[in-house]
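Biologist: Could you take me through some of the labels people put on a protein model? I would like to see how each one is earned.

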Amino acid sequence: MATVHLRIGDLVWGKLGRYPPWPGKVVSPPKDLKKPRGKKCHFVKFFGTEDHAWIKVEQLKPYHPHKEEMIKINKGKRFQQAVDAVEDFLKKAKGKEQNSDSKAESKGKKTRNKPLKILEEDDEDLSALKDPSEKDLTDSDPEPSTHERLGAGPGSGYKWGSSPVKDDPHFHHFLLSQSEKPASSMEPISKRLKIIEEDTGSTSIQAADSTAINGSITPTDKRIGFLGLGLMGSGIVSNLLKMGHVVTVWNRTAEKCDLFTQEGARLGRTPAEVASTCDITFSCVSDPKAARDLVMGPSGVLQGIRPGKCYIEMSTVDPETITEISQVITSRGGRFLEAPVAGSQQLSNDGMLVILAAGDRTVYEDCSSCFQAMGKTSFFLGEAGNAARMMLILNMVQGSFMATIAEGLTLAHATGQSQQTFLDILSQGQMASTFVDQKCQNILQGNFKPDYYLKHIQKDLRLAISMGDTANHPTPMAAAANEVYKRAKALDQSDNDISAVYRAYIH
């Protein structure tokens, strides 16, 4: 039985549970990030992404012997970009080695022949692999480790480990997207892993599964239904279809279905029909009343639920509504998951949403390819209701922040300061973000085309305040922001973007 020696800098194919193999490089982990207990694994940095993960040795293959095999089974655009990044990396590494050899020869020194070893320092020349925190990753190299490879020759008889990641309570699946700048960028990795490894006693922290690599997806063979083709639902359905899922759609305004049936979707006549003919049915509607009516109203989802059918509520609603819907679905033998999404219309169109899921874990796993198609990351937060709570908190913060930015812009104008200069200063400081830049630029241009409806963020603020009341927790900042949004609604801004809260300050 042959043994493959892996060491820092080696190129590999890494596989995590249900997700496709992806090219990466073995690197040193952050100093304060411990290996999962009792597992032989390596810390891998993936090409073409900003992701890192602990990978068990049986889930790793050497890059070169298995390159052709992997390219044959993975055809996604982002996968090909990752492979191209590896090839660029190798070319630059080889160029550096040749340059180093020629310099040594010119000085009359003998250069010892060595097998090509990819050094960590090479990373700083590669945009595809570059991470601001890479220096932290390479401060100390662990001892070389080995793993057994089945079969005699390179590339023959090699099998991935068969036990899924989810069976091991101490080895969670992480593809840790790093989008921050130096110093702080590695901190979330270690903190997030430590929090989840600890026994917190809270069902809200069970695992955080990232599905960032959505360029190479094997669509589920289950039939997918989708109810609600609004700003968010339209982008989600489009991406499900692009990634090869079989989707049946329904919308209260039937004309919105036409575009998707032209793209290959099937048309459902009622929510009940969709639920009865599909294995997994998603819904994404505007508010708690619409969510309840869709399930329990005439020709509603509940009429189509049979034992084993899955229903996934993606609407941003209150925990009480989730509990009610969950109970009626499961009372018919159905399986329930809530999965509200953080993002905007643009992020929905781009397949870059963040999915917050809670409820039946097996449904979450069955929806793996769907979540990969629609989002960059998904989190499983435990029992039903937890995702609704987390989503309301996130939107409460976003809505309050947007109102504060609008207040700052109008105060700048009222005191004779340049609003553009205010934005320029913001963009250079700690609050710099794509969100701030886009919203402020749209305000200055008078462009309030909805990316996230103002009426919906006000609804979320209202629900978050109510949730705070239930928990006996004060929410004075959210309450103040809510009043500003209510004024904006009174000024007929409901169907504009959340940035139209600016108009509440100038009328």
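**Labels and their cut-offs**

Modeller: Let's start with a pair: the side chains of arginine 361 and glutamate 365 meet in a salt bridge, 3.6 Å from N to O. Keep in mind that this is a predicted model, where local features need pLDDT of at least 70, side-chain atom pairs count only at pLDDT 80 or more, and totals for chains, interfaces and linings use all residues. Residues are numbered from 1 along each chain as its sequence is written, and side-chain values use heavy atoms, leaving out hydrogens and water.

Biologist: Why is the meeting of arginine 361 and glutamate 365 called a salt bridge?

Modeller: The term asks for a side-chain nitrogen of Lys or Arg within 4 Å of a carboxyl oxygen of Asp or Glu. Here the N to O distance is 3.6 Å, so the pair qualifies. The two residues are four apart in helix α12, which means about one helical turn separates them. (A helix is a DSSP run of H or I with at least four residues, a strand a run of E with at least two, both numbered from the N terminus.)

Biologist: What makes glutamate 365 count as buried?

Modeller: Buried means under 20% relative accessible area, exposed over 50%, and partly exposed in between (1.4 Å probe, protein chains only). Glutamate 365 has 15%, so the label is buried. Arginine 361, at 25%, counts as partly exposed.

Biologist: How do you know that arginine 335 forms a salt bridge with aspartate 366?

Modeller: Their closest N and O atoms are 2.9 Å apart, so the cut-off is met. Arginine 335 lies in strand β13 (residues 335-338) and aspartate 366 in helix α12 (residues 361-366), so the pair ties together parts 31 residues apart in sequence. Aspartate 366 is partly exposed, at 26%. Arg335, Asp360 and Asp366 are also linked in a network of salt bridges.

Biologist: How many salt bridges does the structure hold?

Modeller: It holds twelve. One of them joins lysine 67 and glutamate 87, with closest N and O atoms 3.1 Å apart. That pair links distant parts of the chain, helix α1 (residues 67-73) and helix α2 (residues 77-106).

Biologist: Why is lysine 67 called partly exposed?

Modeller: Its relative accessible area is 25%, so lysine 67 falls between the two limits. Glutamate 87, at 24%, also counts as partly exposed.
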